[in-house]
Amino acid sequence: MLTSLQNSLVKQIRKLHSTKERHKQQLFLLEGTHLLEEACAVNYPLETVCCTPDWQANHSSLWEEACSRCDRSEIVSKEILDAIATTVQPDGVVATAKRSEYQTQLPFTGIILALETVQDPGNLGTMIRAAAAAGASGLWVSADSVDLDSPKVLRASAGQWFRLPTAVSEDLKATVQQSQQAGMQVVATLPSATLTYWEVDWRKPSLILLGNEGAGLSAELAAIADRQVKIPLSPGVESLNVAIAAALMLYEARRQMSQELGVSS
């Protein structure tokens, strides 16, 4: 059992708390039972799995499955587990995995989110979760957004990170234009728009453009959208959280498509 904070593996994993080190090592952290279950469910290859003796005793089947998918497995003391986790109260298991060679393309079909300079990992993870729940085809993020594999993004996605196709766009304007050329309508959210989001025909293949939490969507991207929509707000309410805005439009799209098919949403 690993008990020393000076152990080389412990030092290596602790460094992964840093974005710079995750990029350097090309590894990311998976924390907690649920994320490990989701990774195993989709056969995601693991690098290292570390757990406490108590966690191993309570999750013997998952431990065996995780060990079969990783290069190295270690039982560690609670103190070591606390040190390598980023959460305040980890539940007993931490794994590492290779960073994805993120896709450079997603199929231009169905409903897709395109996010410009989103900085909050909780927001990004929540939008991944909402997009997966609503049956979206995928999600783009601009290259200057928070890392897709930030530990907080993974946790906020509640495991849907492993199930929703995602891609990083080095040039989001070019990606938006490509989606238009492929026949998608591009819908931008702007507080100054006159059209409300439920007046859009979401049965068409659609790309939903959402901007930075503070600055919103850039004028350059808003200008090339086919539709500009607003989400009505009561007097005195300045704006909605970007993840909530995304969920509203995703589920309006699902509602319209379900009605067209004559099925319950």
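Contact here means heavy atoms within 4.5 Å. Buried means under 20% relative accessible area. I am working from a predicted model.

**Entry 1: helix H3**

I began with H3, residues 33–41. I listed its buried residues: Thr 33, Leu 35, Leu 36, Glu 38, Ala 39 and Cys 40. Then I looked up what they pack against. Three strands came up: E1 (27–31), E2 (48–51) and E4 (93–98). Helices H4 (53–58), H5 (60–69) and H8 (151–156) are partners too. After H3 comes Asn 43, and its phi is positive, near 60°.

**Entry 2: positive phi in loops**

I checked Gln 26 next. This residue sits in the loop between helix H2 (19–25) and E1. Its phi is near 55°, a positive value in a residue other than glycine. Is Gln 26 buried or exposed? Gln 26 has 30% relative accessibility, so I entered it as partly exposed.

Thr 117 also has a positive phi near 55° and is not a glycine. I placed Thr 117 in the loop between E5 and H7.

**Entry 3: the sheet**

I traced the strand order. Seven strands make an open sheet, E7-E6-E5-E10-E8-E11-E9, with parallel pairing. Which strands are at the edges? They are E7 (166–169) and E9, each pairing on one side only.

I then went through some of the pairs. E6 and E7 are parallel, with four bridges. Val 141 has Val 168 as its bridge partner in E7. E5 and E6 are also parallel, over four bridges. In that pair, Ala 114 is opposite Trp 140 of E6.

At the other end, E8 (residues 185–189) runs parallel to E11 and is joined to it by three bridges. E9 (residues 195–196) pairs with E11 in the parallel sense through two bridges. Val 229 of E11 turned up in both look-ups. Val 229 is the bridge partner of Thr 189, and Leu 195 stands opposite Val 229 as well.

**Entry 4: strand E6**

How many residues of E6 are buried? Five of its five residues are, across 138–142. I sorted them by direction. Gly 138, Trp 140 and Ser 142 point one way. Leu 139 and Val 141 point the other way. Both sets are buried.

**Entry 5: helix H11**

H11 covers 242–261. Its 20 residues span 29 Å from the first C-alpha to the last. That is close to the 28 Å expected at 1.5 Å a residue.

I pulled its buried residues. They are Val 242, Ala 243, Ala 245, Ala 246, Met 249, Leu 250, Glu 252, Ala 253, Gln 256 and Ser 258. Where do they pack? Their partners are E5 (111–115), E8, E10 (206–210) and E11 among the strands, plus helix H7 (121–133).

I picked Leu 250 of H11 for a closer look. Why did I enter Leu 250 as buried? Its relative accessible area is 3%, and the cut-off is under 20%. I listed its contacts, not counting residues up to four places away in sequence. They are Ile 111, Leu 113, Ala 130, Ala 131, Ala 134, Ala 136 and Ile 208. I also took one distance. Leu 250 and Ala 130 lie 120 residues apart in sequence, with 7.7 Å from C-alpha to C-alpha.

**Entry 6: the cavity**

I searched for cavities of 30 Å³ or more and the structure holds one. The largest cavity has a volume of about 30 Å³. Which residues line it? I noted Ile 111, Ala 134, Gly 135, Ala 136, Leu 250, Ala 253, Arg 254 and Met 257. H11 gives the largest share of that lining, four residues. By type, the lining is six nonpolar, one polar and one charged.

**Entry 7: the pocket**

Last, I looked at the largest pocket, with a volume of about 590 Å³. It has 23 lining residues. Those closest to its centre are Thr 189, Pro 191, Gly 216, Ser 239 and Leu 240. Which elements give two or more residues to the lining? They are strand E11 (227–230) and helix H11. The lining splits into twelve nonpolar, eight polar and three charged residues.

I noted one link back to the sheet. Thr 189 is among the residues closest to the pocket centre, and it has Val 229 as its bridge partner in E11.

How values were computed. Residues are numbered from 1 along each chain as its sequence is written. This is a predicted model: local features need pLDDT of at least 70, side-chain atom pairs count only at pLDDT 80 or more; totals for chains, interfaces and linings use all residues. Side-chain values use heavy atoms; hydrogens and water are left out. On a 1 Å grid over the protein atoms alone, a cavity is a set of points where a 1.4 Å probe fits but cannot get out, and a pocket is an open set with protein on both sides within 12 Å along at least five of seven lines; lining residues have an atom within 4 Å of a point. Grid points are joined across faces, edges and corners, and a volume is the space filled by probe spheres set on the points. Ala, Val, Leu, Ile, Met, Phe, Trp, Tyr, Cys and Pro count as nonpolar, Asp, Glu, Lys and Arg as charged, and the others, Gly among them, as polar. Two strands pair if DSSP finds at least two bridges between them. The expected span of a helix is 1.5 Å times one less than its number of residues. Buried means under 20% relative accessible area, exposed over 50%, partly exposed in between (1.4 Å probe, protein chains only).
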